[in-house]
Amino acid sequence: MKRVFALLLACLLLTGIGAAYEGDSPGNDDEPPGWLNIQPKEEPAEDAPSASPEEQEERSDDEPPGWLNIQPKEKAESGPAEEERQPEEDMGFDIVISFAGDVMLASLKNETTASNFNAYANRYEPSYFLQNVRDLFQADDFTVVNLENVLTDRQLTEKVKDHDPAYWYRSRTANTEILTSSGVEAVSLANNHTGDYGPEGTRDTIRAVEKAGLLYGNNGKTFYYEKNGFRIAVICHGLWNEGQAGEIVRRIHEAEKDSDFQIVFYHGGKEKVHAPEDWRRRASRRLADEGADLVIGSHPHVLQPRETYEGTDIVYSLGNFCYGGSKYPENRTIIYQLKLHVNGEGELESRAGEIVPCYVYTGDAGNNYCPGVIGDEETRQRVLDFMDGKRKSPL
């Protein structure tokens, strides 16, 4: 009896084990058993839409089947990110240099009267005088003006002059802050008033501008501005007769050895006329022929036109700017802005000259020694037309 019971128990055990294997079997001899933990390829549902031709084209035969659960390498995004990684065709830079005309930060013989320049300098902070153009000067790379007075804190004696009327202008050395507080970086001292108080006055003036951190040029000194290795020479010189052009030509050729762009900022010509003399036209064009890339004149105390000669701008007179020499100077002037683009190879790619029409003063009762950009479009256009030779007067 015990033997029969044991046989029955053995049969029952064998039957249960077989059923267990039968439940684990995937029912497909081609598929691995479940315990290998390999996911079978999912068959699409019978009612699932088939892939479109476009989707089939997007699939790559090189991609592994999804059931292997292998993540493909992410592709780099296209568009702006990819464009940012592309090297720039032009890694160049711009240079903007502003030129303004006769700046006289002084009164006759340093005297003080009710409304002359000294009276304003005693009343206002240095930043007052160029407040209307400060933003423009500070936004450029470099600003140059013609400084037409002696700077000294000594009681020097006026130099004897052989013409009548004659004028002498000097002021305290602290007036350099009028320039430095408003974005001016350099001055021309190649004019007829730097020597008003003899060699001592000239030396005091040079010391004052150097102490203020201003660059300067005169008949014997060229100054340079450099940005990212591109070097610009500014040659300041008197031009009182046609023969002096030869001296300037010599300086141009000397500067060419150590610069990429040469500017002549000269001082001379007949005062208070709106057209340059024939000799000065010839001289200015000769400077351009001999290598000057820009020629700018001062001294007439009024504007004279611009011409473009063989691709070179010549501005015959910038006129007055912040001018302490008169209570009622002609109230039109300009800021001339030279705009250069240098390419990634360090070569000059383009140049242009922009004229910014300005008032010499902005007061209602004569000179307040505070120049400003002209806002009225009709007035502004008259100045531009004059500078381009379309009018006989800028007024």
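This passage describes strand 10 and its surroundings in a predicted model of the protein.

The protein comprises 395 residues, of which 44% are buried, and its secondary structure consists of ten helices and 17 strands. Of the contacts between residues at least 6 apart in sequence, 69% join residues that are at least 24 apart. The area exposed by the protein is about 22,300 Å², and 48% of this area is supplied by carbon and sulfur atoms.

Within this fold, strand 10 spans residues 261-267, and because seven of its seven residues are buried, the strand is largely enclosed by the rest of the structure. This burial extends to both faces of the strand, with Phe261, Ile263, Phe265 and His267 covered on one side and Gln262, Val264 and Tyr266 covered on the other.

Strand 10 is paired with strand 9 (residues 230-238), to which it runs parallel and is joined by seven bridges; in this pairing, Gly238 has His267 of strand 10 as its bridge partner. The connection between these two strands passes from strand 9 through helix 8 (residues 245-256) to strand 10, forming a β-α-β crossover that is right-handed.

A parallel pairing is also found between strand 10 and strand 11 (residues 294-298), where five bridges link the two strands, and Val264 stands opposite Val295 of strand 11. Together with helix 9 (residues 278-289), strand 10 and strand 11 make up a β-α-β unit, which is right-handed.

Key:
Residues numbered from 1 in each chain as written. Predicted model: local features only at pLDDT ≥ 70, side-chain atom pairs only at ≥ 80, totals over all residues. Heavy atoms only, no water. Buried < 20%, exposed > 50% of the residue type's maximum accessible area, 1.4 Å probe, protein only. Helix = DSSP H or I, 4+ residues; strand = E, 2+ residues; numbered from the N terminus. Pairing = 2+ DSSP bridges. Right-handed = clockwise from strand over helix to strand, strands pointing away. Contact = heavy atoms within 4.5 Å. Areas by Shrake-Rupley, 256 points an atom, 1.4 Å probe, with all protein chains shown as cover.
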